[in-house]
Amino acid sequence: PIRVFVPIAGAAAQAPPTLQRPRGPMVARRSERAQLAGLVDAVLVGQSTCVALIGEAGIGKSRLVEEARSLAGEAEVAVVTAAGLPVERNIAYRAFRPVAETLLGLDPTWPAERRAAAALTAIETHPDLAALAPLINSIVPLGLAENDHTRGLVGEKRVFRTDDLLCGLLQQRCSNHRVLLVVEDAHWLD
């Protein structure tokens, strides 16, 4: 056999790479930057909001997202990112793996047993989510054993409860911290 690739330990668990370009000040986007700054200010006073950057390729959506991240960082707002990728569009929840790992405080370099134990501990601190803990395997493969509550969940019921778990973790995080959730290339999500 001929080896065409060699996996690097931990690389699969890392967030998808992003193209890094040198950045200068934004040009001709004063209005958009002001709107983004206003949204970050709203988060600082406890308001929730949503913004969608929609447009053709190459018009600067990613640059605006980068500016939003920068503004959030300056204001000490945590940034959590999900990214849709065409090659992973048929893998359920794949784009949200880095989000779940961040919400659970998991380090991709930790051994599997440590990651599983840390995830279970993090989920169990939320009593309303504890019974759903094994469903995290659909988002972050950790090998948590099914329990009486999750064993019988199939089809749409399992999907809805997995959604409940992910949303519950995000809601818990947002209730204690200021958070900017960025979903890049949402058109590639499952």
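I'll begin with a null result: the count of aromatic ring pairs comes to zero. There is, however, a charge over a ring, with R114 lying over the face of W110 at 3.9 Å from the ring centre. This is a predicted model, so please take what follows in that light.

First, the overall layout. The protein chain has six helices and two strands. In sequence order the pattern reads α-α-β-α-α-α-α-β. Of the 190 residues in the protein chain, 30% are buried. On contacts, counting those with a separation of 6 or more, 68% are between residues 24 or more positions apart.

Now the helix α1, residues 30-44. Helix α1 has 15 residues, and from its first C-alpha to its last it reaches 21 Å, close to the 21 Å expected at 1.5 Å a residue. Which residues of α1 are buried? They are L36, V40, A42 and V43. These residues cover an arc of only 155° around the axis, which puts them on the same side of α1. As for what they face, the buried residues of α1 pack against α2, residues 61-74, and β2, residues 179-184. After α1 comes G46, with a positive phi near 90°.

Next, α2. Its 14 residues should span 20 Å at 1.5 Å a residue, and the end C-alpha atoms are 20 Å apart, which agrees. The buried residues in α2 are R63, L64, V65, E67, A68, L71 and A72. Note that the list includes R63 and E67. The packing partners of the buried residues of α2 are α1, β1, which is residues 78-83, and β2. Just after α2, E76 has a positive phi of about 60°.

Let me stay with E67 for a moment, which lies in helix α2. Why does E67 count as buried? Its relative accessibility is 9%, and the cut-off for buried is under 20%. Leaving out residues up to four places away in sequence, E67 touches M26, R33 and L36. L36 is one of the buried residues of α1.

Another position in α2 is G73. At 45% relative accessibility, G73 counts as partly exposed. G73 and L180 are 107 residues apart in sequence, while their C-alpha atoms are 9.5 Å apart in space.

L180 comes up again with V79, which lies in strand β1. V79 has a relative accessibility of 30% and so counts as partly exposed. Which residues does V79 contact, leaving aside its neighbours within four places in sequence? They are R69, A72, L180 and V182. The C-alpha atoms of V79 and R178 are separated by 8.8 Å, although these two residues are 99 apart along the chain.

On to the cores. The largest nonpolar core has 27 residues. Those with the most contacts inside this core are L104, I123, I136, I139, L142, L165 and L169. At least two residues of this core come from each of β1, α3, α4 and α6. For reference, α4 is residues 112-124 and α6 is residues 155-176. A second, separate core has eight residues, among them L36, A68, L71 and A72. L36 belongs to the buried set of α1, and A68, L71 and A72 belong to that of α2.

Back in the largest core, I123 can serve as an example. Setting aside neighbours within four places in sequence, I123 is in contact with L104, L129, A130, A133, I136, L165 and L169.

Last, two backbone angles to look at on the screen. Y93 is not a glycine, yet has a positive phi of about 65°. Where is Y93 found? Y93 is in the loop between β1 and α3, the latter being residues 97-104. With 13% relative accessibility, Y93 counts as buried. D185 is not a glycine either, and has a positive phi of about 50°. D185 lies in the segment after β2. At 40% relative accessibility, D185 counts as partly exposed.

That is the tour.

Terms used: Residues are numbered from 1 along each chain as its sequence is written. This is a predicted model: local features need pLDDT of at least 70, side-chain atom pairs count only at pLDDT 80 or more; totals for chains, interfaces and linings use all residues. Side-chain values use heavy atoms; hydrogens and water are left out. Helices (H or I, at least four residues) and strands (E, at least two) are DSSP runs, numbered from the N terminus. The expected span of a helix is 1.5 Å times one less than its number of residues. Buried means under 20% relative accessible area, exposed over 50%, partly exposed in between (1.4 Å probe, protein chains only). The arc is that of the directions from the helix axis to the C-beta atoms. Contact means heavy atoms within 4.5 Å. Rings of Phe, Tyr and Trp (its six-membered ring) pair if their centres lie within 6.5 Å; planes under 30 degrees apart count as stacked, over 60 as edge-to-face and the rest as tilted. A charge sits over a ring if NZ of Lys or CZ of Arg is within 6 Å of the ring centre and within 35 degrees of the ring normal. A nonpolar core is a set of buried Ala, Val, Leu, Ile, Met, Phe, Trp, Tyr and Cys residues joined through side-chain atoms within 4.5 Å.
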